[in-house]
Amino acid sequence: MRRIEEDAIINELFSYHPPTHEQTERFKAIRDKAWSLALSIVTYCPDNPERDTSITKLRETVMWANSAIALNSNPIDGE
C-alpha cells in the first residue's frame, strides 16, 4: 500500500522544476568550475580509460549538483 508521503516524494522527484534566475546562475557557476577541471584533466592526464572515467564522473557530479539546486532551492545565504 502506497503512502501519501511516498506519492508526494515521487511527484516532487519526477516533476519539471523550471529554474529561477538565481538557480540558473548557480547552475552556470557549477558548470564553469567543472569545465575548468575538465580542461585540467585532459591537459595533465594521459588519454586512457581512467581519464575518460574521470570526465564521466565529473559530468555526473554536475548533474547531481544541478539536481540538488533544482530540488532544494534554498538561497545560498540561508534566508
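**Exercise 1. Classify R3 by its relative accessibility, and find the partner of R3 in a salt bridge.**

Step 1. In this predicted model, R3 has a relative accessibility of 47%. Buried means under 20% and exposed over 50%, so R3 counts as partly exposed.

Step 2. The salt-bridge partner of R3 is E6, with the closest N and O atoms 3.3 Å apart. The cut-off for a salt bridge is 4 Å.

Step 3. E6 has a relative accessibility of 33%, so E6 also falls in the partly exposed class.

**Exercise 2. Decide whether D47 and R51 are buried or exposed, and give the N to O distance of their salt bridge.**

Step 1. The side chains of D47 and R51 meet in a salt bridge at 3.5 Å, N to O. The structure holds 5 salt bridges.

Step 2. The relative accessible area of D47 is 62%. That value is over 50%, so D47 is exposed.

Step 3. For R51 the relative accessibility is 16%. Because this is under 20%, R51 counts as buried.

Step 4. The bridge therefore joins an exposed acid, D47, to a buried base, R51.

**Exercise 3. Place E60 and K57 in the secondary structure and describe their salt bridge.**

Step 1. Both residues lie in helix α3, which covers residues 49-71.

Step 2. E60 and K57 are 3 residues apart, or about one turn of the helix. Their side chains form a salt bridge with an N to O distance of 3.5 Å.

Step 3. E60, at 32% relative accessibility, is partly exposed. K57, at 45%, is partly exposed as well.

**Exercise 4. Which residues form the nonpolar surface patch, and what accessible area do they have together?**

Step 1. The patch consists of I9, I10, L13 and F14. Together they have about 440 Å² of accessible area.

Step 2. One of these residues, L13, lies in helix α1 (residues 4-13).

Step 3. A patch residue needs over 30% relative accessible area. L13 has 45% and counts as partly exposed, so L13 passes that cut-off.

**Exercise 5. Check the length of helix α2 (residues 21-44) against its expected span, then state where its buried residues pack.**

Step 1. Helix α2 has 24 residues. The expected span is 1.5 Å times one less than the number of residues, which gives 34 Å for α2.

Step 2. The end C-alpha atoms of α2 are 35 Å apart, in agreement with the expected span.

Step 3. The buried residues of α2 are Q23, R26, F27, A34 and I41. They pack against α3.

Note on methods. Residues numbered from 1 in each chain as written. Predicted model: local features only at pLDDT ≥ 70, side-chain atom pairs only at ≥ 80, totals over all residues. Heavy atoms only, no water. Buried < 20%, exposed > 50% of the residue type's maximum accessible area, 1.4 Å probe, protein only. Helix = DSSP H or I, 4+ residues; strand = E, 2+ residues; numbered from the N terminus. Patch = residues over 30% accessible without salt bridge, like charges linked within 9 Å, V, L, I, M, F, W, Y side chains within 5 Å. Areas by Shrake-Rupley, 256 points an atom, 1.4 Å probe, with all protein chains shown as cover. Contact = heavy atoms within 4.5 Å.
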